[in-house]
Amino acid sequence: MTAPLEPPAFMTPPSPAWPFLPAPEPAPRLFVSHFDHQRFHAEAWQQAGFECPAPLASAVAKRHAEYLAGRCCAREGLRALGHADTPLAPQPDRQPQWPVQACGAITHSHGLAAAVVAPRRDWAGVGTDAEQWLDGARAERIAPAVLTPREHQALAAIAPEHRARCVTLAFSLKESLFKALYPLTGTRFYFRDAELDPQALLRLREPRGRCRLALLRPLSGAWPAGTHIEGHFAELAGRAMTFIGVSQGV
């Protein structure tokens, strides 16, 4: 394995983090970096040891910065698992090409990049997502698109000062769920295709914790409607952060 490269100047060195309740065993690896897209320059790709994907060539600096920072976090996670450097090239569906021995997911949100990786022998899929906290007005606007009717009914019973937090975390948990399950099923699904039970939605008021989501539609023969999956939620660097892992054999 080659020595780690110094990160480009627009980002901090990826560092390990785990803001959730005690990690499931064997623990996935989560690496986080802060970046400033205004400091991004084209040489950063070479400095980081990655090639700029052709579809990104004409993108704005912000897109270059978040993409590269996320890949750097993923590489550090893979190195922590003992894997040699990998290009993590985008596949036709834009998902990263992970090494066959590992699975992972990448997220970025307003200057924060993160990646979670896990050994394939223990984990079939993992997903993570970071989001800025929604304000009350925006949370109310997007809630009908994010929440199922039953979730929306449960939200109405939550004090107004907690609703934006709950909507933000519900949004993020469903993003993490998609990242964990799409590579396993090849089926795209949407926010209202999965549901937190009312008690799980209430639990999102807590600083961190676990909750369960249920699929409302079948994604494959192995993933029928009614399947339950555990999710983790917390706060990291002032943002909502979620994680979902699918163990092998589930």
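Two strands pair if DSSP finds at least two bridges between them. Helices (H or I, at least four residues) and strands (E, at least two) are themselves DSSP runs, numbered from the N terminus.

Before we start: this is a predicted model, where local features need pLDDT of at least 70, side-chain atom pairs count only at pLDDT 80 or more, and totals for chains, interfaces and linings use all residues. Residues are numbered from 1 along each chain as its sequence is written, and side-chain values use heavy atoms, with hydrogens and water left out.

**Exercise 1. Work out how the open sheet is put together.**

Step 1: Begin with one pair. β5 and β9 run antiparallel to each other and share eight bridges. Within this pairing topic, look at glycine 125, which sits opposite valine 246 in β9.

Step 2: Now lay out the whole sheet. Five strands make it up, in the order β5-β9-β8-β7-β6, with antiparallel pairing.

Step 3: Check the edges. β5 (123–131) and β6 each have a single partner strand, so one side of each has no neighbour in the sheet.

Step 4: Add the twist, which averages 30° from one strand to the next. Angles run from 0 to 180 degrees between N-to-C directions, and axes are lines fitted to C-alpha atoms, for helices over the stretch in contact.

Step 5: Put the helix on. α5 lies across β5, β6, β7 (209–215), β8 (228–236) and β9, at about 150° to β5. Contact here means heavy atoms within 4.5 Å.

**Exercise 2. Find what fills the largest nonpolar core.**

Step 1: Get the term straight. A nonpolar core is a set of buried Ala, Val, Leu, Ile, Met, Phe, Trp, Tyr and Cys residues joined through side-chain atoms within 4.5 Å. Buried means under 20% relative accessible area, exposed over 50%, and partly exposed in between (1.4 Å probe, protein chains only).

Step 2: Count it. The largest core has 37 residues, and Leu155, Val167, Leu177, Leu181, Leu196 and Leu204 have the most contacts inside it.

Step 3: See who contributes. Elements giving two or more residues include α3 (136–146), α4 (149–156) and α6 (198–203). The largest share, eleven residues, comes from α5.

Step 4: Zoom in on leucine 177. Leaving out residues up to four places away in sequence, leucine 177 touches Phe189, Ala194, Leu213, Leu215, Ile229 and Ile244.

Step 5: Don't miss the second, separate core: 25 residues, among them Ala44, Cys73, Ala115 and Val117.

**Exercise 3. Describe two of the aromatic pairs.**

Step 1: Know the rule. Rings of Phe, Tyr and Trp (its six-membered ring) pair if their centres lie within 6.5 Å; planes under 30 degrees apart are stacked, over 60 edge-to-face, and the rest tilted. The structure holds ten such pairs.

Step 2: Take tryptophan 18 and phenylalanine 243, an edge-to-face pair at 5.2 Å centre to centre with 65° between the planes. The two are 225 residues apart: tryptophan 18 is in the loop between β1 and β2 (29–34), phenylalanine 243 in strand β9 (residues 239–247). Tryptophan 18 counts as partly exposed because its relative accessibility is 23%, while phenylalanine 243 is buried at 1%.

Step 3: Now phenylalanine 178 and phenylalanine 189, a tilted pair at 5.3 Å centre to centre and 45° between the planes. Phenylalanine 178 belongs to helix α5 (residues 160–185), and phenylalanine 189 to the loop between α5 and β6 (194–196). Phenylalanine 178 is buried at 17%, and so is phenylalanine 189 at 7%.
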